[in-house]
Amino acid sequence: MMRYDLVVIGSGPSGRRAAVQAAKLGKSVLVIEKGRRVGGVSVHTGTIPSKTLRETVLNLTGWRERGFYGLAYRVKKDIEAGDLMARLHKTLEHEVETLDHQFARNRVEVMRGLASFVDPHRIEVQAEAGESRTLEADRIIIAVGTRPLRPSHIPFNGDTVVDSDEIVELKTLPRSITVVGGGVIGVEYATIFSALDVRVTLVEPRNGLLDFVDRELVDDFVHQLRDHGLNFRLGSKVETIQFEGEQPVAILEGGRRVRSEMLLFTAGRVGATDTLNLAACGLAADTRGRLEVNQQTFQTAVPHIYATGDVIGFPSLASTSLEQGRIAACHACGQPLPPAPAFFPYGIYSVPEISTVGMSEEDLRKAGTPYECGIARFRETSRGHIMGLNGGLLKMIFSMETRRLLGVHIVGEGATELVHIGQAVLNLGGTLDYFIDNTFNYPTLAEAYKIAALDAWNRLTPRSEAVAEVTVATP
Ligand SMILES: Cc1cc2nc3c(=O)[nH]c(=O)nc-3n(C[C@H](O)[C@H](O)[C@H](O)COP(=O)(O)OP(=O)(O)OC[C@H]3O[C@@H](n4cnc5c(N)ncnc54)[C@H](O)[C@@H]3O)c2cc1C
Ligand SMILES: NC(=O)c1ccc[n+]([C@@H]2O[C@H](COP(=O)([O-])OP(=O)(O)OC[C@H]3O[C@@H](n4cnc5c(N)ncnc54)[C@H](O)[C@@H]3O)[C@@H](O)[C@H]2O)c1
């Protein structure tokens, strides 16, 4: 029987990072992947496909140039599904190739097939052709991720009623789409289709969107989207879906009907643990297929078995999954790491994009922490003028007592990149003075940090003190 120091089930972000980390520490490592190719949800149906589609849409529609050339500006007039797919397939090919190469040069073995437990140390791998093999492992990492929630009353047909896996294989571009579920996936796809001038209705049972994001940002975001014609049906739950001819009609609570050419169902995901035969290793998943772990080490209740990535639930990001994989692998190899810093960034690749790190005003009010905000609009920066930006907002929140940075919230072009400046200052314990004292490249969107900091400084520093400081600093 084959024996490995570490067996990783699943080749998504957490599995791949764990496997390479353990191999670098000199361990024999096997990755088992049931999919045709390595990469997981992240590469094949989730992060990379949705972000590539977004980039293609922004490029072909000329979205970024419309501030200058007007709303009618297009780089390509009649955009078809084929235009979107071409770039997608090229990008995915490149991602898989990079990953295959990474495994090969680190001597990580990959076995194709469906893994399930025989006992706490033995795993059976069932290949597609039917043959099976059993292997043994000292340590095991379960990194099986999630799959879309597909309730039995939703008539998925892979064509006009689809989930977020199927939308990446779009055959024709609909003229109208209903997106059911206003979580991150729903919001990203709704805004991507809206940028393509598809008529979009977003249905969400809660009264607001993205409740973990600072309200001021969400309000600005929703205002921009309504302006662009996106319809919101907030506070409405989809009960059933019927068809009028070929077209799906979402029937909302209270009987309201929303008809469109296509319906995208994005009302959550479930852990892919049902085929693992968890009982054989002494574990059990919750009702959503997720596993509980020690949040510092990622060990499950069975100490030599770890679980990382989306299968352990919040925050379910590729970015955090990668880090969880690394921490779990180091622990499994006897080289434990300190836990990840408390604040990680959240990037929402909607159009416009949103990114946030640290605490929101709502969090701080709940905690009773006195704070002050500083705000900059991208249109106040010269770089924003050059780029023709009309929207975009950066907000920083500082402690009134210590002047420490507590949160950074950005909506607009480049938000997911810009946030890392704030993240560094936040996790290094920096204060408002970092932004006041340092020089920023000009013209850049990063200058918004300076402008927002000066805005906060004007409010935090009594005017007489502020003038005195400026007088002293002047040569
Ligand atoms: C539409 C969409 C967009 C997203 N966008 C972003 C984003 O912009 N940024 C971000 O940070 N995150 C994003 N995410 C989340 C991100 O994709 C996930 O957090 C990440 O993929 C989770 O990684 P993972 O390690 O849990 O494994 P996954 O990527 O979920 O992969 C798990 C792998 O395990 C395999 N597997 C499952 N069961 C078995 C078994 N029994 N035997 C063998 N193999 C098995 C599966 O085939 C799969 O390949 C997005 C997700 C979706 C759905
Ligand atoms: N940019 C990113 O980082 C990114 C992008 C996409 C996904 N993800 C991750 O993927 C995970 C899954 O995302 P998701 O959006 O599928 O799930 P989610 O659970 O975040 O959102 C599902 C939404 O569907 C709504 N809903 C539930 N039942 C409904 C019904 N009957 N009718 C209408 N709406 C209904 C819920 O209220 C909820 O808002 C998230 O946890 C997220 O972290 C991250």
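In which loop is Arg-107 found? In this predicted model, Arg-107 sits in the loop between α5 and β3 (109-112). What catches the eye here is the backbone: phi of Arg-107 is near 60 degrees, a positive value in a residue other than glycine. Most residues other than glycine have a negative phi, and most peptide bonds are trans. The second half of that rule has exceptions here too. The peptide bond from Phe-314 to Pro-315 is cis, its omega being near 0 degrees, and Pro-315 lies in the loop between β17 (305-307) and α8. Another cis bond runs from Tyr-442 to Pro-443, again with omega near 0 degrees. Pro-443 belongs to the loop between α12 (432-437) and α13 (447-460).

Now for the overall layout. The chain splits into domain 1 (2-148 + 270-332), domain 2 (161-267) and domain 3 (346-473). Measuring aside, the computed centres of domain 1 and domain 3, taken over C-alpha atoms, are 34 Å apart. Their contact takes eight residues from domain 1 and five residues from domain 3. On the domain 1 side, the elements giving two or more residues are α3 (47-61) and α4 (66-69), and α3 gives the most, with four residues. Sorted by class, this side of domain 1 has three nonpolar, two polar and three charged residues.

Helix α3 also has a helical partner, α5 (residues 81-105). The two axes come within 9 Å and cross at roughly 135 degrees, which makes α3 oblique to α5. The crossing is right-handed. From α3, the contact uses Ile-48, Pro-49, Thr-52, Leu-53, Thr-56 and Leu-60, while α5 brings Asp-83, Leu-84, Arg-87, Leu-88, Thr-91, Leu-92 and Glu-95. That comes to seven nonpolar, three polar and three charged residues.

A second helix pair is formed by α1 (residues 13-24) and α8 (residues 318-332), which pack at an angle of about 35 degrees with their axes 7 Å apart. This crossing, too, is right-handed. Among the α1 residues in the contact are Pro-13, Ser-14 and Gly-15, and α8 takes part with residues including Ala-318, Ser-321 and Leu-322. Split by class, the contact of α1 with α8 has nine nonpolar, six polar and two charged residues.

Both of these helices turn up again around ligand 1. This ligand is surrounded by 39 residues, and the closest are Gly-10, Gly-12, Gly-40, Gly-145 and Gly-309. The elements that give two or more residues to its shell are α1, β2 (29-33), α2 (40-44), α3, β4 (114-119) and α8. By class, the shell holds 15 nonpolar, 20 polar and four charged residues.

What about ligand 2? Here 24 residues make up the surroundings, with Gly-181, Gly-183, Ile-185, Ala-267 and Ser-316 the closest. Two or more residues each come from α6 (184-195), β10 (199-204) and β18 (346-348). The top contributor is α6, with four residues. The shell around ligand 2 divides into eleven nonpolar, eight polar and five charged residues.

Conventions:
Residues numbered from 1 in each chain as written. Chains lettered and ligands numbered in written order. Predicted model: local features only at pLDDT ≥ 70, side-chain atom pairs only at ≥ 80, totals over all residues. Axes fitted to C-alpha atoms, helices over the stretch in contact; angles between N-to-C directions. Left-handed = near helix turned anticlockwise from the far one by under 90°. Contact = placed C-beta atoms within 7 Å. Nonpolar A, V, L, I, M, F, W, Y, C, P; charged D, E, K, R; others polar. Domains from an automatic or database assignment. Near = placed C-beta within 6 Å. Parallel < 35°, antiparallel > 145°, perpendicular 65-115°, else oblique.
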